[in-house]
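Me: I am new to this structure and would like the terms explained as they come up. Please set each value against its definition.

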Amino acid sequence: MSAATTPSGRGRPSLTPPADAKPPVRHPDAPAPGELLGSHYDQCFACGEDQPHGLHLAARAGEGVSVTAEFTVQPAHQGAPGLAHGGVLATALDETLGSLNWLLRVIAVTRRLESDFVQPVPVGSTLHLTARCTAVAGRKIYSTAEGRVGGPDGPVAVRADALFVEVKLDHFTTHGRSEEVHAAMSDPDQVKVARAFEVNP
Ligand SMILES: CCCCC/C=C\C/C=C\C/C=C\C/C=C/CCCC(=O)SCCNC(=O)CCNC(=O)[C@H](O)C(C)(C)COP(=O)(O)OP(=O)(O)OC[C@H]1O[C@@H](n2cnc3c(N)ncnc32)[C@H](O)[C@@H]1OP(=O)(O)O
């Protein structure tokens, strides 16, 4: 098995867009720059309000296909004493990158996420994240993100490049546990339902 082959046989897709990739196009109905995107699912570990130990990450639309987000590291997010767990930081990057797809009005899931941990992130610090979509090729969406500490212009602590793949609603109804899927579909917050289920009809 070569380094680029996975047990699924589907291989490890490149994070470099192919030659026929196009620049991303912001959807005309995307939230205005500066507008909070809100949570896409209240049980989401990264952005949901109903996860007591979640990241409660709040993302805001930027110009073009870009977002900013903030996340303050809590004691529940530790790996080493007093420091954020790397997987939690990767979650923050993944969520910020994933929220870009809302500006494209596409439902997509992370296919590949390559993270760099540049410096440790202490508990109590706020990670200031920025992400932008760099290219789209068919169902493949390429994007990049970084997180800074000490303020939006502070030093880069983490960064990531990602490939998301567009999916249809049946991705969730087929693979997700039915009780959560049905509960999410009957959420009284219709904006959330629309965001989760009615994009890209
Ligand atoms: C239940 C309530 C909640 C519902 C919420 C619903 C929606 C949410 C709405 C808004 C969301 C907003 C923000 C969300 C933020 C979330 C951030 C977190 C996101 C995540 O954290 S999400 C969880 C982790 N994530 C997964 O859980 C994915 C697991 N994974 C899979 O589910 C499959 O793996 C999948 C579907 C990715 C692909 O599966 P598939 O069968 O569709 O793939 P396929 O083979 O068709 O490839 C597809 C294209 O990749 C090309 N390709 C493949 N292999 C290649 C290689 N080696 N080299 C070059 N290209 C390659 C092909 O060529 C083709 O491209 P093309 O179509 O252009 O040819």
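The turns below go through the model, its elements, some single residues and the ligand.

Me: What kind of model is this, and how are residues numbered?
Reply: Numbering starts from 1 along each chain as its sequence is written. This is a predicted model, in which local features need pLDDT of at least 70, side-chain atom pairs count only at pLDDT 80 or more, and totals for chains, interfaces and linings use all residues.

Me: What pLDDT does the protein chain average?
Reply: The average is 91, and 89% of the residues score at least 70. The term pLDDT stands for the predictor's confidence in each residue, on a scale from 0 to 100. For the model, ipTM is 0.90 and pTM is 0.92.

Me: How many helices and strands does the protein chain have, and what makes a run count as one?
Reply: There are four helices and six strands. Both are DSSP runs numbered from the N terminus: a helix is H or I with at least four residues, a strand is E with at least two. Along the sequence the pattern reads β-β-α-β-β-β-β-α-α-α.

Me: What is the span of helix 1, and what is the expected value?
Reply: Helix 1 has 19 residues and reaches 28 Å from its first C-alpha to its last, close to the expected 27 Å. The expected span is 1.5 Å times one less than the number of residues.

Me: Why is Leu163 called buried or exposed?
Reply: A residue is buried if 20 or more other C-beta atoms lie within 10 Å of its own, exposed if 12 or fewer, and partly exposed in between, with C-beta atoms placed from the backbone. Leu163 has 22 other C-beta atoms within 10 Å, so Leu163 is buried. This residue lies in strand 6.

Me: Why is Ala76 called buried or exposed?
Reply: Ala76 has 12 C-beta neighbours inside 10 Å and therefore counts as exposed. Ala76 sits in the loop between strand 2 and helix 1.

Me: What about Pro31, His56 and Arg105?
Reply: Pro31 counts as partly exposed because it has 16 C-beta neighbours inside 10 Å. His56 is partly exposed because 18 other C-beta atoms lie within 10 Å. Arg105 is partly exposed because 17 other C-beta atoms lie within 10 Å. Pro31 lies in the segment before strand 1, and His56 has its place in that segment too. Arg105 is in the loop between helix 1 and strand 3.

Me: What is the phi of His56, and what is that of Arg105?
Reply: Phi of His56 is near 50°, a positive value in a residue other than glycine. Arg105, not a glycine either, has a positive phi of about 60°.

Me: How do you know that helix 1 is mostly covered?
Reply: Of its 19 residues, 16 are buried. In the protein chain of 201 residues, 29% count as buried.

Me: What makes a set of residues a nonpolar core?
Reply: The members are buried Ala, Val, Leu, Ile, Met, Phe, Trp, Tyr and Cys residues joined through C-beta atoms within 7 Å. The largest such core here has 42 residues, and Leu57, Ala92, Leu93, Leu100, Leu127 and Leu129 touch the most other members. Helix 1 gives the largest share of this core, nine residues.

Me: Which residues is Leu100 in contact with, and what counts as a contact?
Reply: Two residues are in contact if their C-beta atoms, placed from the backbone, lie within 7 Å. Leaving aside neighbours within four places in sequence, Leu100 is in contact with Val65, Val67, Ala131, Cys133 and Ser143. On the same basis, the contacts of Leu163 are Pro13, Leu15, Arg111, Arg112, Lys140 and Tyr142.

Me: Which residues does Pro31 touch?
Reply: Pro31 touches Leu37 and Ala61, not counting residues up to four places away in sequence. Pro31 and Ala61 are 30 residues apart in sequence, and their C-alpha atoms are 6.3 Å apart in space.

Me: How many residues surround the ligand, and what makes a residue near?
Reply: A residue is near a molecule or strand if its C-beta atom, placed from the backbone, lies within 6 Å of it. The ligand is surrounded by 30 residues, the closest being Gly11, Pro13, Gly98, Val109 and Gly138. Helix 1 supplies the largest share of this shell, six residues.
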